[in-house]
Each structure stands twice: as structure tokens, then as C-alpha cells.
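Here is a short report on one protein model and its metal sites. Look over the sequence and the structure first.

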Amino acid sequence: MKAIRNNLYQFSLYIPPMDFTIHQYLLNTDPAILFAAGTVQQAAAILPDLKTILGKKPLKYVFVSHMESDEAGGLRVLQKEYPDLTVIAGAITARELPGYGYTGKMITRRGGESLTDGDLSLSLSFIDYPSEVHLQDGLLACEKNSGILYSADLFLRFGNGMGQVIRKDWHSEVEHIDTQRVPNEEARKKLQQRLESLHPAFLAVGHGYCIDCMG
Ligand SMILES: [Fe+2]
Ligand SMILES: [Fe+2]
């Protein structure tokens, strides 16, 4: 398994008829975190690679940005392999997780809050994200030491993004968040302001091409 950046591993599913890619990411810190559970099929497919990368270390966290099958569908598959894992999600998403068959530990966070673990080797801060399906109450997560921002559907691009990284100016990416992504103008402005104050080094996108941030 080749990392897409330092200790960040990408797992991808490309769907040719849609020209669309779905990604998950393992940040192999101690403790380790998976961004997006993937669908049931994806979670099952990545388990052998997860085990190879993690070795004896368990998967401690899964970050679930919002309630959709690509973010949360595979949780019960992961829980079966790693019974002690903890899901990090917003309160509304956490409330809905039992519907996906997940019965394990959960930590809820909201935008502006953080979580650190492992003598600060994992240091997450959370951003409110009015995400699909309900266009509210989702989260993004930024890991401060690595500068990695898991951006779920926010900087979505079509195309086969497996293993692909493009370089973009962070400020213009934020500026170009449009009403198609976040229709509520007030919520969109608030999100853009919050993102403007962040300086991520790398966008681990849920779909499309990862972004090496300039500016
Ligand atoms: Fe989504
Ligand atoms: Fe998605």
C-alpha cells in the first residue's frame, strides 16, 4: 500500500458510468483514524489493507462527516473487526447511526470543538458543514499536526481521482464553494469564513482529486 501523503492512505472506488470516485482515508497516527467508513462493500474490501497497514494496532476512530452510505454504511463491518472503535460524528448523525447497524462507541462534536489523543499525536479540530442529504449538521475534520483536512463532499470533482493529487490555491477553492454545494447563503458564508481562517496543507477529498494547498 502506497501512502498518498506521508502516513495518509487513500482507499478508492471508481464508478465509470458516473465518472465518479469515492474515497476513504486512513491516517496512520497512534491512535489511527479512518475518515469515512465507506459503504458496506467498501469497508469489507479495505479490511485486509487496513490490517496490513495498522499491524497489531487497532483502528481506534472512524470520523463520520454526515449521514450517507459512503460515510457511514460500512460501520458495522468495521466494528466487527475492531469492536473497541469509536465513531466521531455530529449529534444528529450519531443519533441515526444505529439505523446502519452500528452499536459501538460514539463521541459527538460540533464545529469549533476539538479532540486530541495519543500525547497530541492526533489533534483534530472540527468545522460545521451543512452537508447533504439534509444540508445541515455535518462536520469536517482537520488534523493539525499533518495539516490534513478531510472535506467529505465539499470540494467534489468528477473524474477518476484514484491516487491523484492536484495543486490549487486554497483561498480560491474556498471562494468557489457555490450554492450547489451549500444552498443556504448564510450557512455558506459562515463556512467560507471559517475555512478561510484555516490553512490546511492537504485536502483529503471524499470524491475526485486530492488537493495540495497553495496560498
Ligand atoms: Fe455526502
Ligand atoms: Fe460523499
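What percentage of the 215 residues in the protein is buried? The share is 52%. Keep in mind that this is a predicted model.

## Overall build

The protein holds six helices and 13 strands. Its radius of gyration is 16 Å, close to the 17 Å that the globule rule gives for 215 residues, so the protein is as compact as a globular protein of that length. The C-alpha trace spans about 40 × 40 × 35 Å along its principal axes.

Take the contacts with a separation of 6 or more. Of these, 61% join residues 24 or more positions apart. The protein exposes about 9700 Å², and carbon and sulfur atoms supply 49% of that area. Charged side chains number 21 positive and 25 negative. The centres of the two sets lie 4 Å apart.

## The two iron ions

Which residues supply the donors of each iron ion? The table lists them.

| Ion | Protein donors | Distances | Spacing along the chain |
|---|---|---|---|
| iron ion (ligand 1) | H66 (NE2), E68 (OE), D153 (OD) | 1.7 to 2.2 Å | H-x1-E-x84-D |
| iron ion (ligand 2) | D70 (OD), D153 (OD), H207 (NE2) | 2.1 to 2.2 Å | D-x82-D-x53-H |

D153 appears in both rows. This residue bridges the iron ion (ligand 1) and the iron ion (ligand 2), which lie 3.3 Å apart.

The donors also link distant parts of the chain. E68 sits in the loop between β4 (59-63) and α2, while D153 sits in the loop between β10 and β11, 85 residues away in sequence. Both E68 and D153 are buried.

A second pair does similar work at the iron ion (ligand 2), where D70 and D153 are both donors. D70 lies in helix α2 (residues 69-72) and D153 in the loop between β10 (148-150) and β11 (165-169), so the pair ties together parts that are 83 residues apart in sequence. D70 is buried, as is D153.

## T39 and its contacts

T39 is placed in the loop between β3 (32-35) and α1 (40-54). Is T39 buried or exposed? T39 is buried, because its relative accessible area of 17% falls under the 20% cut-off. Beyond neighbours within four places in sequence, T39 is in contact with S69, D70, G73 and G74. One of these, D70, is a donor of the iron ion (ligand 2).

## An exposed helix residue

Q193 belongs to helix α6 (residues 185-196). With a relative accessible area of 60%, Q193 is exposed. Q193 and E175 are 18 residues apart in sequence, and their C-alpha atoms are 9.5 Å apart in space.

## Backbone features

Most residues other than glycine have a negative phi, and most peptide bonds are trans. Some places here depart from that pattern.

Which residues does a cis peptide bond join? The bond joins D30 and P31, with omega at about 10 degrees. P31 is in the loop between β2 (20-27) and β3.

D119 is not a glycine, yet has a positive phi of about 50 degrees. This residue is in the loop between β7 (114-117) and β8 (122-129). D119 is exposed, at a relative accessible area of 80%.

L120 is in the loop between β7 and β8 too. Its phi is near 70 degrees, again a positive value in a residue other than glycine. L120 counts as exposed, at 55% relative accessibility.

Notes:
Residues are numbered from 1 along each chain as its sequence is written. Chains are lettered from A and ligands numbered from 1 in the order in which they are written. Side-chain values use heavy atoms; hydrogens and water are left out. Donors are N, O and S atoms within 2.8 Å of the metal (3.2 Å for Na, K and Ca); water is not among the atoms, so sites may look incomplete. Helices (H or I, at least four residues) and strands (E, at least two) are DSSP runs, numbered from the N terminus. Buried means under 20% relative accessible area, exposed over 50%, partly exposed in between (1.4 Å probe, protein chains only). The radius of gyration is taken over C-alpha atoms; the globule rule is 2.2 Å times the number of residues to the power 0.38. Contact means heavy atoms within 4.5 Å. Accessible areas come from the Shrake-Rupley method with a 1.4 Å probe; for residues, only the protein chains shown count as cover. Lys and Arg count as positive and Asp and Glu as negative; His and the chain ends are not counted. The place of a charge is taken as NZ of Lys, CZ of Arg, CG of Asp or CD of Glu.
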